[in-house]
Amino acid sequence: MTTDSIDARELARALMNRHDPGGNVPDAAPAATAPTPATPAARSTPLTSFRDHPGVLDATRKFGALDAWTRESGGLYPYYLPHEGISGPVTRFAGRDMLNFSSFGYLDLAAEPRVHAAAVDAIHRYGTSAAAVRMVAGELPLYGELEGEIARIYDTEAAIVTASGFLTNAAAIAFLLGKRDVAVCDSLIHNSMVSGTEWAGCKRLTFRHNDPESLDAILSMSRRSFDRALVLIEGVYSMDGDVVRLPDIIEVARKHDCSIMIDEAHSFGVLGERGLGVRELFDLPGDAVDVWMGTLSKALGSVGGYLAANRELVEGFKYSAAGLSMYTASPAPSAAAAALAGLAVLHDEPERVAALRHNGDYFYRRARELGFDTGNAQGTPITPIITGADEPALRASLALLDHDINANAIGHPVVPAGEARLRFFVNCRHTEEQLDHALHTLRRVFDGLTTEGHLQR
């Protein structure tokens with residue numbers, strides 16, 4: 001079955017067309033049928049190169065112009081720019097100290113000596129790699145300690161840690177859903193979740209961003225057509241900086257007998273008084289959702305992913321899910337130890353979370369006062385500055401580098417066409433003076449682009 005995304009109007013037409021004379025909807029049929037693709041004409045010469053691959057051509061077109069602008073200005077190329085040292089609020093790039101707004105190390109734990117010491121100790125004890133799949137010979141005591149702490153935080157029976165946040169989402173969804181099932185997705189979910197639905201071969205339906213009424217409408221029309229239904233959402237949306245309306249979405253999902261999986265990559269360590277994420281923010285029990293997912297690579301200053309759920313489901317992930325603990329190498333010992341130490345610092349130093357919350361609110365408020373379009377942002381550590389077209393976002397990013405400020409441009413297809421932006425990640429260690437300096441510099445850059453005709457909303 002082709003995995004695709006359809007809106008409510010298309011879905012309604014498809015369902016009405018599929019009613020039998022008795023008015024019944026088949027229990028497990030797809031909600032819409034994709035047109036049969038035309039048989040491709042035979043090629044006289046087989047394709048033997050990927051130089052004309054659509055993705056290759058698109059990258060050449062999109063980034064070729066950026067490379068030309070960089071050469072003309074003599075400035076720095078803004079992507080794959082190596083930093084010399086720890087990625088924190090100020091980072092050294094190409095021999096220059098820059099204000100850094102491209103790091104999602106919100107709590108600055110990658111610079112924390114306790115985290116460093118734990119990682120070094122793990123290397124001395126276990127080496128740089130577990131050198132095996134966990135299920136076979138790659139299990140370490142560190143993993144169980146970390147999983148126990150994550151399960152305690154989420155009030156769940158168990159948890160599993162993995163080597164990759166992206167793979168955690170994709171592999172978990174591919175394990176949970178099949179061809180008779182449906183993923184009902186917020187329109188702004190991360191690509192890793194979208195990839196998981198494609199791997200699963202399930203139907204994917206999309207509801208309006210953070211809109212429980214839209215979710216209710218979709219499920220009212222479609223739920224009976226599928227076996228399992230899984231609602232996919234995020235805690236803080238990584239491109240927009242807004243917080244999920246979780247209690248309302250839970251209410252709608254449960255009304256329609258749906259399971260729920262939430263990606264806390266950008267909300268754990270950020271939301272709640274102690275930084276324990278959306279569960280703490282909304283004071284929810286551990287079984288309020290079915291699968292809690294998060295990463296170790298954002299606020300915790302490490303790398304990898306995790307899932308927290310009931311014991312039976314976690315055992316399924318461990319023993320049956322390809323890409324979680326089967327067919328993939330164990331997390332690096334240093335990564336697991338660093339995450340454990342990061343959690344300890346999070347518990348011991350709640351002032352980091354308070355400082356981050358202050359900085360997120362401050363940056364968002366000052367950006368609005370200076371006339372920037374911040375889209376859906378709500379004062380989290382993520383604030384987008386919307387430019388509309390891709391070119392002004394890229395030009396503004398280049399200009400900021402010339403002023404020793406690093407903030408990356410995000411364009412189509414990562415965000416919808418016409419919604420390109422500069423995305424600012426705020427750190428708990430940024431000062432108000434640094435935040436003001438960045439925004440006033442950006443205001444001058446935007447005013448210059450407007451004068452030159454590059455920025456027209």
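Let's start at a single side chain: Glu 369 is partly exposed, with a relative accessible area of 48%. Three words will keep coming back here: buried means under 20% relative accessible area, exposed means over 50%, and partly exposed is in between (1.4 Å probe, protein chains only). What you're looking at is a predicted model, in which local features need pLDDT of at least 70, side-chain atom pairs count only at pLDDT 80 or more, and totals for chains, interfaces and linings use all residues. Residues are numbered from 1 along each chain as its sequence is written, and side-chain values use heavy atoms, with hydrogens and water left out.

Back to Glu 369. Its side chain meets that of Arg 365 in a salt bridge (3.4 Å, N to O), a term that stands for a side-chain nitrogen of Lys or Arg within 4 Å of a carboxyl oxygen of Asp or Glu. The two residues sit four apart in helix H13, so about one helical turn separates them. Helices here are DSSP runs of H or I with at least four residues, strands are runs of E with at least two, and both are numbered from the N terminus. Arg 365 is partly exposed too, at 42% relative accessibility.

How many salt bridges does a search of the whole structure find? The count is 27. The general idea is simple: side chains of opposite charge can pair when their charged atoms come close. In one of these pairs, Glu 273 joins Arg 357, with the closest N and O atoms 3.7 Å apart. Glu 273 belongs to the loop between E8 and helix H10 (278–281), while Arg 357 is in helix H13 (residues 351–369), so this pair ties together parts that are 84 residues apart in sequence. Glu 273 counts as exposed at 58%, and Arg 357 is partly exposed at 30%. Elsewhere, a network of salt bridges links Arg 134, Glu 139, Glu 147 and Lys 318.

Now zoom out. The protein has 15 helices and 14 strands, and 54% of its 457 residues count as buried. Look at its contacts (heavy atoms within 4.5 Å): among those between residues at least 6 apart in sequence, 70% join residues at least 24 apart.

What's inside? In soluble globular proteins, nonpolar side chains tend to be buried together. A nonpolar core is a set of buried Ala, Val, Leu, Ile, Met, Phe, Trp, Tyr and Cys residues joined through side-chain atoms within 4.5 Å. The largest one here has 64 residues, and Leu 146, Ile 150, Val 231, Ile 233, Leu 246 and Phe 268 touch the most other members. Apart from it lies another core, of 30 residues, including Tyr 79, Leu 99, Leu 394 and Leu 435.

Leu 99 also leads us to a sheet. Its bridge partner in E12 is Ile 405. Strands E2, E3 and E12 form an open sheet in the order E2-E3-E12, with mixed pairing. Strand E2 (90–93) and strand E12 (405–406) are at the edges with a single partner strand each, so one side of each has no neighbour in the sheet. Strands pair if DSSP finds at least two bridges between them; E3 (residues 96–100) and E12 run parallel and are joined by two.

Helix H7 (residues 191–200) is mostly covered, with seven of its 10 residues buried. Which elements do those buried residues pack against? They are helix H6 (165–176) and the strands E5 (182–186), E6 (203–207), E7 (229–234) and E8 (259–263). Right after H7 comes Gly 201, whose phi is positive, near 75 degrees.

Is Thr 383, in strand E11 (residues 382–388), buried or exposed? Thr 383 is buried, with a relative accessible area of 0%. Beyond its neighbours within four places in sequence, Thr 383 is in contact with several residues, among them Phe 363, Tyr 364 and Leu 422.

A charged residue can be covered as well: Arg 223 counts as buried at 16% relative accessibility. Arg 223 lies in the loop between helix H8 (212–222) and E7. Leaving out residues up to four places away in sequence, Arg 223 touches Arg 228, Ala 229, His 256, Asp 257 and Cys 258.
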